[in-house]
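Biologist: Please take a close look at one part of the surface and set it in the context of the whole chain.

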Amino acid sequence: LVLSEANCGIALASGGVDAASSAADVVLLQNESRHSLFLQVEEGLDISKQCLAKIRQNLGWAVGYNLVSLPLATGALLPAIMAPASAGSSA
């Protein structure tokens, strides 16, 4: 019950699938020593930070791309692009 109420739950898989493993957000499979356990938790946190950084980077590129491509696709920038060209051709 406590693991299912937690913000982030970590369980050790020490055999079959039990209630703790099914309720946990992260399940650590190898448990050779206490030192190894803390390294696995630290590695999991590093991977999650890298994943969130990549998500933010992709979101930034997507927003930038859409800010440029959608006005071009709708023709909103066409008058601004064509005005200098038409002014130069009539002179």
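The nonpolar patch

Modeller: About 7,400 Å² of the chain is accessible surface (Shrake-Rupley method, 1.4 Å probe; for residues, only the protein chains shown count as cover), and carbon and sulfur atoms hold 65% of that area. This is a predicted model, in which local features need pLDDT (the predictor's confidence in each residue, from 0 to 100) of at least 70 and side-chain atom pairs count only at 80 or more, while totals for chains, interfaces and linings use all residues. Residues are numbered from 1 along each chain as its sequence is written, and side-chain values use heavy atoms, without hydrogens and water.

On the surface, a nonpolar patch is formed by Leu-59, Val-63, Leu-67, Val-68, Leu-72, Leu-78, Ile-81 and Met-82, with about 800 Å² of accessible area together. Such a patch takes residues with over 30% relative accessible area and no salt bridge (Lys or Arg side-chain nitrogen within 4 Å of an Asp or Glu carboxyl oxygen), joining nonpolar side chains (Val, Leu, Ile, Met, Phe, Trp, Tyr) within 5 Å. Helix 3 and helix 4 (78-90) each supply at least two of its residues, helix 3 giving the most, with five. Val-63 lies in helix 3 and counts as partly exposed because its relative accessibility is 44%, between buried (under 20%) and exposed (over 50%).

Confidence peaks in helix 3 (residues 34-74) at a mean of 87 and is lowest in helix 1 (residues 2-5), at 59; the chain averages 75. Of the 91 residues, 10% count as buried. The chain has four helices and two strands (DSSP runs numbered from the N terminus: H or I, at least four residues; E, at least two).

Key:
Patch = residues over 30% accessible without salt bridge, like charges linked within 9 Å, V, L, I, M, F, W, Y side chains within 5 Å. Buried < 20%, exposed > 50% of the residue type's maximum accessible area, 1.4 Å probe, protein only.
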